[in-house]
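Okay, thanks everyone, let me get the model up on the screen. I'll talk you through one pocket and then the strands and helices that go with it.

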Amino acid sequence: MSSRPAAGGGRWVEVDPARVGRWVEGFADRHGPPTTTIQGYGLLLTAPDGATAELHAPPGADPGGDLQGFLAAAAAPRRIGLLLARKSAVAMGVAAGEDLVISKVDSRYVQGRTAAGGWSQHRFARRRDNQAKAALGEAVELAVRLLLPEVGTLDAVVAGGDRRTVDGILADRRLAPLAALRAERLLDVPEPRHAVLVASVAAARAVRILVRDPAPPA
């Protein structure tokens with residue numbers, strides 16, 4: 001389980017689907033038995049003391065239903081496409097439940113910034129742009145070869161890394177079926193490597209919970 005601050009207050013908690021039921025029990029123990037409201041993202045728990053918890057269904061899971069239905073849907077095995085990308089590296093794969101069953105990592109050198117000035121700076125900038133475009137093109141072709149043939153079996157596509165690079169890859173018209181399955185979730189990952197891709201399976205499957213504590217007494 002991981003936790004991080006949320007914009008506008010509260011904190012995001014990421015919980016393994018199999019442990020969400022226990023997490024909800026702990027929330028009730030701390031704040032009192034909550035009422036449950038069905039929302040578009042999943043469920044809203046509102047405790048007697050004013051604390052709330054938004055349970056966001058993981059990618060590919062049906063967010064509707066009562067708490068037991070939500071827990072069952074979140075824990076059910078799903079087939080998820082993974083696309084992690086930064087400027088000079090991509091990692092793609094398919095997860096079946098908790099297992100990464102298809103994977104490929106590719107990297108290409110993209111020159112970093114230079115402090116040189118004048119014509120040299122322009123030459124380096126052009127070279128860097130050309131390298132970045134070539135890397136993006138190779139990433140698109142990898143997605144066409146690796147992920148596109150699997151699209152009919154996928155419940156969702158989860159991306160991670162640099163949003164602009166991911167957007168650039170999925171902008172290719174051939175990848176429109178993958179883009180249509182893309183989840184809102186963007187995984188915060190370092191430069192894609194195989195170990196990062198493996199770790200991303202759990203992050204893609206996790207239930208995200210936005211917790212807001214009760215307001216302090218006046």
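So, the second largest pocket: its volume comes to about 340 Å³. Keep in mind that this is a predicted model. Who lines the pocket? We've got W12 and Y41, then the run H56, A57, P58, P59, G60 and A61, and after that A183, E184, R185 and R208. If you sort that lining by class, you get seven nonpolar residues, two polar ones and three charged ones. And which element gives the largest share of the lining? That's strand β10, residues 182-187, with three residues.

Okay, let's follow β10 into its sheet. Five strands make up an open sheet here, and the order reads β8-β7-β6-β9-β10, with mixed pairing. Why is one side of β10 left without a neighbour in the sheet? β10 stands at an edge, and so does β8 (99-107); each has a single partner strand, so one side of each has no neighbour there. Going from one strand to the next, the twist averages 15°.

The partner of β10 is worth zooming in on. Strand β9, residues 156-161, runs parallel to β10, and three bridges join the two. If you want a spot to click on, V157 sits opposite R182 in β10.

Now the helices on this sheet. Helix α4, residues 163-170, packs on it and touches β6 (79-86), β7 (89-96), β9 and β10. For the geometry people, the direction of α4 makes about 120° with that of β6. Helix α6, residues 194-205, packs on the sheet as well, and its contacts take in β6, β7, β8, β9 and β10. The angle between the directions of α6 and β6 is about 130°.

Back to the pocket lining for a second, because H56 leads us to another strand. H56 belongs to β5, residues 52-56, and that strand is mostly covered, with five of its five residues buried. In general, side chains in a regular strand alternate between the two faces of the sheet. In β5, T52, E54 and H56 point one way, A53 and L55 point the other way, and all are buried.

What does β5 pair with? On one hand there's β4, antiparallel, over five bridges. Within that pair, G42 stands opposite H56. The hairpin of β4 and β5 has five residues between the strands, and G50 there takes a positive phi near 100°. On the other hand there's strand β11, residues 207-212, which also pairs with β5 in the antiparallel sense over five bridges. There, A53 faces V211 in β11.

One more residue while we're in this region: G40. You'll find G40 in the loop between β3 (35-38) and β4 (42-46). Is G40 buried or exposed? Its relative accessibility is 70%, and exposed means over 50%, so G40 counts as exposed. Its C-alpha atom is 9.9 Å from that of D62, and those two residues are 22 apart along the chain.

Last slide, the whole chain. The secondary structure adds up to six helices and eleven strands. There are 218 residues, of which 41% count as buried. And if you take the contacts with a separation of 6 or more, 59% of them are between residues 24 or more positions apart. That's it from me, happy to rotate things if anyone wants another view.

Note on methods. Residues numbered from 1 in each chain as written. Predicted model: local features only at pLDDT ≥ 70, side-chain atom pairs only at ≥ 80, totals over all residues. Heavy atoms only, no water. 1 Å grid on protein atoms, 1.4 Å probe; cavity = no way out; pocket = protein on both sides within 12 Å on 5 of 7 lines; lining within 4 Å. Points joined across faces, edges and corners; volume = space filled by probe spheres on them. Helix = DSSP H or I, 4+ residues; strand = E, 2+ residues; numbered from the N terminus. Nonpolar A, V, L, I, M, F, W, Y, C, P; charged D, E, K, R; others polar. Pairing = 2+ DSSP bridges. Axes fitted to C-alpha atoms, helices over the stretch in contact; angles between N-to-C directions. Contact = heavy atoms within 4.5 Å. Buried < 20%, exposed > 50% of the residue type's maximum accessible area, 1.4 Å probe, protein only.
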